[in-house]
Amino acid sequence: MSVTASPKLAVPRRRWPAPVVWVVVAVFLVVHVLAWQATEFSPAALIAGWEGMADFLAESLPPDFSVLGKSLEAAVITLYIGLLGTTFSIPFALALALLASRATTSAAWAQQAARAVLSFLRSVPDVVFALIFVTAVGLGPFAGVLALVFHNTGVMGKLWAEAMDESDRGPRDAVKVTGASGPQIALHAVLPTVMPSLAGLLLYRLDVNVRSSLVLGLAGAGGIGFLINQSIKLFRFDEMVTHILVVLLLVVVVDQASGFVRKRLGA
Amino acid sequence: MLAIRGLRKSFGGRTVLDGFDLSVEPGEFVALLGPNGSGKSTVLRCVVGLETPDGGEVEVGGNAAMVFQKIHLVGRRNALDNVCSGALGRLPLHRSFFFPQDVREEAMGCLERVGLVDRALDRCARLSGGQQQRVAIARALCQRANVILADEPVSALDPQAAVQVMELLKALAGDGMAVVAVLHQPELARTYADRVVEMKATVAA
């Protein structure tokens, strides 16, 4: 059966969007036109230049698998850069997250200071950190590890602080009533509650950092990114494709492994 | 053991408590009854310091512990660790990373008192509601409390578990503790409490 309004009931009139909505839409469109022009966005150029891409593909296929051994070795270095960059940032990220979270720190000035440090570390891209550290320790994987430690401390510290902020207030109150101090509340109410989330975020960051270390390699931090850069400079696109296939494998393996563990953690 | 005089508290202009008095002797079990918003929970929260009263005096002869309606254990930790956390107030930070052996022994004694020694190593999230509330009471015991404030301790429990928890609280009062419980069930209050205090809703501003 269907329900119909009795004819005496006045149906509310459809409402047009408020003028402010039109203004927002107009601004949105104008910004996109400006962006289109500034980026020289041109589908025509892409179509006209298809031969260039075809040549590139023709040169890169079939892949040159003679470099596979070298490629795999370098991929392991890339993995190691991502791994150390993640694990060595744990103590710094944890300390800053504990200071930055409302759940664990009551002094507003300490929260603000920790948040400022995290924002700074987060807003400097890892590639920029890498370029800075290259001047100190020279080209190579070590500069990449240092860059990731700094940038990842910023990102992971913020993610962890947010996870702590969202933790249930109840156990915190209950432990506070026993007379526990701030650090004791963090240790025995907040951290045990959020541990699965923290571990899940850690694995997610490992995944991201392994991919970042690839880009750092392009900037001279060694690993497989460095080999890709070299192949391009030497116009050995067939070698490059081998490296890229290895990268694909690496990324899929790390992604699947971290996804599997995160699922088991329920995070 | 517990003396509250002229307690006043308002939240954002709404007066919840306006000169509340209560005194509880050792060994006495007092039930607080009253409609939602009459300030029953606020009284308890002011006593343990989770709220700061606007005025009045709270005197606790010893150590006040609190038991919550939502229990508030750390569900991922086992019962023993949760009970040990009651001792945090007397442990210096450097001894509180891992609970010392003497605290673990004392906590086992507290679990024995609530009849859950055999569940000591079970994660709290795997215990039933009634068992969880008894673990929370054991945590209060591990705090060496002589005043137990229970905020609707049985509202989330089935009738059988509720009776177990009420009998436990009654028995603790029998041991000489002062027990104050906010209840929503007048029949439980009449059955178990030595004294029932009815609170009226303050006029909403």
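This report walks through a predicted model, from its annotated spans to its charged pairs, nonpolar patch, rings and one enclosed helix.

## What the record says about chain A

Let's start with the annotations. An unreviewed UniProt entry marks residues 75–258 of chain A as "domain: ABC transmembrane type-1". In the model, that span is 86% helix and 0% strand, and its end C-alpha atoms sit 17 Å apart.

The UniProt record (again an unreviewed entry) also lists "transmembrane region" for residues 20–38, 74–99, 127–150, 185–204, 211–228 and 240–261 of chain A. Take residues 185–204 of chain A: the span is 100% helix and 0% strand, with 27 Å between the end C-alpha atoms. Residues 240–261 of chain A also come out as 100% helix and 0% strand, and here the end C-alpha atoms are 32 Å apart.

## Salt bridges

Side chains of opposite charge can pair when their charged atoms come close. Searching the whole structure turns up 20 salt bridges over all chains. One of them joins A:Arg236 to A:Asp64, with the closest N and O atoms 3.0 Å apart. What does this pair tie together? A:Arg236 is in the loop between helix H11 (224–233) and helix H12 (237–265) of chain A, while A:Asp64 is in the loop between helix H3 (50–60) and helix H4 (68–87) of chain A, so the bridge links parts that are 172 residues apart in sequence. The two partners are covered to differing degrees: A:Arg236 is partly exposed at 32% relative accessibility, whereas A:Asp64 is buried at 16%.

A:Arg236 has another partner too, since A:Glu239 forms a salt bridge with A:Arg236, the closest N and O atoms being 3.5 Å apart. A:Glu239 is buried, with 14% relative accessibility. Put these together and you get a network of salt bridges that links A:Asp64, A:Arg236, A:Asp238 and A:Glu239.

Over in chain B, B:Arg95 and B:Asp102 make a salt bridge with their side chains, at 3.3 Å from N to O. B:Arg95 is partly exposed, at 33% relative accessible area. B:Asp102 is partly exposed as well, at 45%.

## A nonpolar patch on chain A

Now for the surface. A:Phe65, A:Leu68, A:Leu72, A:Leu245, A:Leu248, A:Leu249, A:Val252 and A:Val253 make a nonpolar surface patch of about 700 Å². Which elements give two or more residues to the nonpolar patch? They are H4 and H12 of chain A. H12(A) gives the most, with five residues.

A:Leu245 is a handy one to look up in the patch. A:Leu245 lies in helix H12 of chain A, and its relative accessible area of 40% makes it partly exposed.

## Aromatic rings

How many aromatic pairs does a search of the whole structure find? The answer is six over all chains. In the pair of A:Trp36 and A:Phe41, the ring centres are 4.5 Å apart and the planes meet at 50 degrees, so the pair counts as tilted. A:Trp36 is partly exposed at 47% relative accessibility, and A:Phe41 is partly exposed at 48%.

Elsewhere in chain A, ring pairs connect A:Phe56, A:Phe235 and A:Phe237 into a cluster.

## Chain B: an enclosed helix and a loop

Is helix H4 of chain B largely enclosed or open? Of its 14 residues, 13 are buried, so H4(B) is largely enclosed by the rest of the structure. This helix covers residues 129–142 and reaches 20 Å from its first C-alpha to its last, close to the 20 Å expected at 1.5 Å a residue. Just after H4(B) comes B:Arg144, which takes a positive phi of about 55 degrees.

One more place to visit is B:Arg76, in the loop between strand E5 (64–67) and helix H2 (79–84) of chain B. B:Arg76 is partly exposed, at 34% relative accessibility. Its C-alpha atom is separated by 17 Å from that of B:Phe99, and the two residues are 23 apart along the chain.

Notes: Residues numbered from 1 in each chain as written. Chains lettered and ligands numbered in written order. Predicted model: local features only at pLDDT ≥ 70, side-chain atom pairs only at ≥ 80, totals over all residues. Heavy atoms only, no water. UniProt positions renumbered as here; feature names shortened; annotations may be inferred. Helix = DSSP H or I, 4+ residues; strand = E, 2+ residues; numbered from the N terminus. Salt bridge = Lys/Arg side-chain N within 4 Å of Asp/Glu carboxyl O. Buried < 20%, exposed > 50% of the residue type's maximum accessible area, 1.4 Å probe, protein only. Patch = residues over 30% accessible without salt bridge, like charges linked within 9 Å, V, L, I, M, F, W, Y side chains within 5 Å. Areas by Shrake-Rupley, 256 points an atom, 1.4 Å probe, with all protein chains shown as cover. Phe/Tyr/Trp six-rings, centres within 6.5 Å; stacked < 30°, edge-to-face > 60°. Expected span 1.5 Å × (residues − 1).
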